[in-house]
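Colleague: I have a new model open and would like to learn how to read it feature by feature. Could you walk me through it?

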Amino acid sequence: APLSTLNKRLTKKDHAYILCIMCSLRRKKGSQAGAALNDIERLFRSTSDPSRALGLCKQVEKQKLGKEESARLDLLSSEILRWSNRPHSALERARQAAKSTSDPDTRARCLLMQGLINSDLRMAFTAIDIFDEALEKARKRSLRSLMAEILLAIGEAKSNAGLQNFAFENLEEALRVAEEDKLTRLLANIYAHRALCEFRRGNLEAARIEAEKGILVGETDALGAAECYRGIAIIHSVSGRSALAIENYRKSLTYFRQIHFIPGLVREYLSLGDSYLRLGEVEMAEHFIRKALALAEEGENLPLTGVVYSRLGTLYLTQGDYGQALECFEKDRELSRTIENPSNIAHIHQNIGHCLSLIGDYLKATEALQNAAGQFAGGGDVMNGYLTELDLILAGILSAASPGRNAKDLGERLARLSQAETDMQGEHPFASGRKLFVAACFAAHDQQWQEAEEWGLA
């Protein structure tokens with residue numbers, strides 16, 4: 001392709017790389033394939049442009065390649081396909097690379113890539129098993145840089161699986177190795193996932209500190225910086241500071257756009273949609289959710305597309321269209337039927353429970369919410385477990401045939417939540433406000449009007 005068609009943001013150095021690649025590809029000898037792969041890899045690392053890099057990989061495929069060159073090409077293609085939100089194609093190439101290579105270092109990297117792809121597909125436990133095998137190989141060969149990458153990936157997968165304490169241990173070791181070996185490109189991402197662990201344990205202040213540490217060292221790790229800004233945005237969001245959340249989500253979005261990381265872009269569009277929805281700006285919320293849906297449906301990650309449908313369902317809920325909302329939530333459940341992550345499974349049940357409760361089907365709503373509560377508890381997600389218990393109490397209040405029915409049991413359950421509040425360190429305005437609302441509903445249902453008014457005003 002003529003250089004005039006290239007992205008104008010490319011530097012002269014990038015143009016030079018492309019010229020070198022094209023010169024290499026014009027040579028028909030297989031010995032040039034290794035040089036071409038080096039150039040493509042450097043181009044992808046410097047620009048993170050998956051479409052251009054993947055096109056060049058396809059050109060290399062036309063050359064005569066040895067087994068190790070084929071393995072390198074498959075592994076690089078796998079990484080680029082994963083970046084493009086094509087996890088199934090990426091997984092196929094990673095497996096092919098593992099079959100082709102006889103090099104133990106390359107095999108370990110193939111396992112890391114397979115684990116990352118399974119993690120993207122929300123198959124946390126499958127990913128952990130693969131990462132464990134990769135880590136064993138890396139330790140045996142003292143591949144410290146690879147060890148740090150695998151420990152980071154294991155930490156993320158264990159956090160998604162609800163194993164927050166074990167995840168933090170892996171991330172602690174990843175941080176130590178990265179600091180000792182000056183692997184600055186990994187530091188921000190490590191801090192980002194330490195922040196996520198703390199958030200899921202309900203420690204908002206600790207999560208904020210970890211994310212801010214990541215931003216300070218994030219100049220060499222755009223992906224890590226994006227995740228850190230995202231972490232801070234989530235903390236602002238659950239603390240009721242939607243405007244600050246949007247500001248940080250937009251910073252995160254800028255990084256994801258720079259590196260063309262499609263799964264990250266989908267998540268940021270959704271988060272911006274959620275934040276605008278909390279501010280009551282429905283049109284802006286729908287704009288970003290629709291952008292996320294269009295981008296997700298171009299890829300192969302069905303569970304990620306399911307998450308988009310769940311947000312679309314939430315949008316319909318706010319508009320009072322419960323039928324459309326339920327269809328979206330059930331679509332999410334259908335697309336996500338293979339996932340393993342407890343928190344993701346819990347959110348699916350939680351959304352369906354919310355919707356059924358609003359429709360008035362309290363029996364099915366309670367069943368769905370109980371499933372959600374069990375998954376949140378199993379996943380160590382204190383915050384969402386607390387909120388789901390409040391939803392269960394509210395469903396119990398609304399389903400009671402008379403004011404006195406189950407009043408004692410519901411009152412005791414509401415009182416028991418004080419222990420969960422102790423487990424959640426720091427201030428949680430959204431959770432506190434939700435509890436006061438449920439307490440007001442309980443008092444009103446029991447015809448304690450003055451008490452209900454007091455709770456409502458609080």
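Modeller: Happy to. Let's begin with a single residue: serine 46 belongs to helix H2, which covers residues 32-47. Keep in mind throughout that this is a predicted model.

Colleague: Is serine 46 buried, partly exposed or exposed?

Modeller: Serine 46 counts as partly exposed, because its relative accessibility is 41% and that class lies between the 20% and 50% cut-offs.

Colleague: Which residue far along the chain should I look at together with serine 46?

Modeller: Try isoleucine 259. The two are 213 residues apart along the chain, yet their C-alpha atoms are separated by 8.9 Å. You can do a similar exercise with glycine 66 and alanine 33: 33 residues apart in sequence, with 9.2 Å between the C-alpha atoms. Glycine 66 sits in the loop between helix H3 (50-61) and helix H4 (67-83), and with a relative accessible area of 33% it is partly exposed.

Colleague: What does the whole protein look like in terms of helices and strands?

Modeller: The secondary structure comes to 23 helices and 0 strands. Of the 458 residues, 53% are buried. As for contacts with a separation of 6 or more, 60% of them join residues 24 or more positions apart.

Colleague: Now the helix pairs. How do I describe two helices that pack together?

Modeller: Two packed helices are described by the angle between their axes and the distance between the axes. Take H9 (residues 164-180) and H10 (residues 184-200): the angle is about 160 degrees and the axes are 10 Å apart. An angle over 145 degrees counts as roughly antiparallel, so H9 and H10 are roughly antiparallel to each other. Their crossing is left-handed. On the H9 side the contact includes Phe168, Leu171 and Leu175, and on the H10 side it includes Leu187, Ile190 and Tyr191.

Colleague: At what angle do H12 and H13 pack?

Modeller: Helix H12 (residues 222-238) and H13 pack at about 165 degrees, with 8 Å between their axes. H12 and H13 are therefore roughly antiparallel too, and H12 passes H13 in a left-handed crossing. Among the residues that meet are Leu223, Tyr229 and Ile232 in H12, and Leu244, Tyr249 and Phe256 in H13.

Colleague: And what happens on going from H13 to H14?

Modeller: H13 and H14 pack at an angle of about 165 degrees, with axes 9 Å apart. That makes H13 and H14 roughly antiparallel, and H13 passes H14 in a left-handed crossing. The contact includes Ile246, Leu253 and Phe256 of H13, along with Leu265, Tyr269 and Leu272 of H14.

Colleague: Where is histidine 260 found relative to those two helices?

Modeller: Histidine 260 is in the loop between helix H13 (242-258) and helix H14 (262-278). Have a look at its backbone: phi is positive, about 55 degrees, although the residue is not a glycine. At 21% relative accessibility, histidine 260 counts as partly exposed.

Colleague: What is the phi of serine 142?

Modeller: Serine 142 has a positive phi of about 55 degrees, and it is not a glycine either. This serine lies in the loop between helix H7 (124-140) and helix H8 (144-160). Serine 142 is exposed, with a relative accessible area of 55%.

Colleague: Let's go inside. Which residues have the most contacts within the largest nonpolar core?

Modeller: Val266 and Leu312 do, in a core of 71 residues. Setting aside neighbours within four places in sequence, leucine 312 is in contact with Ile289, Arg290, Leu293 and Cys328. There is also a second, separate core of 35 residues, which includes Ala124, Met147, Ile150 and Leu171.

Colleague: You mentioned a cysteine. How many disulfides are there?

Modeller: A disulfide is a covalent bond between the sulfur atoms of two cysteines. The count here is 0. For cysteine 328, the closest cysteine sulfur is in cysteine 355, 9.3 Å away, which is too far for a bond.

Colleague: Is cysteine 328 buried or exposed?

Modeller: Cysteine 328 is buried, with a relative accessible area of 6%. Cysteine 228 counts as buried as well, at 0% relative accessibility.

Terms used: Residues are numbered from 1 along each chain as its sequence is written. This is a predicted model: local features need pLDDT of at least 70, side-chain atom pairs count only at pLDDT 80 or more; totals for chains, interfaces and linings use all residues. Side-chain values use heavy atoms; hydrogens and water are left out. A nonpolar core is a set of buried Ala, Val, Leu, Ile, Met, Phe, Trp, Tyr and Cys residues joined through side-chain atoms within 4.5 Å. Buried means under 20% relative accessible area, exposed over 50%, partly exposed in between (1.4 Å probe, protein chains only). Contact means heavy atoms within 4.5 Å. A disulfide is a pair of cysteine sulfur atoms within 2.5 Å. Axes are lines fitted to C-alpha atoms, for helices over the stretch in contact, and angles run from 0 to 180 degrees between N-to-C directions. Helices (H or I, at least four residues) and strands (E, at least two) are DSSP runs, numbered from the N terminus. Angles under 35 degrees count as roughly parallel, over 145 as roughly antiparallel, 65 to 115 as roughly perpendicular and the rest as oblique. A crossing is left-handed if the near helix is turned anticlockwise from the far one by less than a right angle, and right-handed if clockwise.
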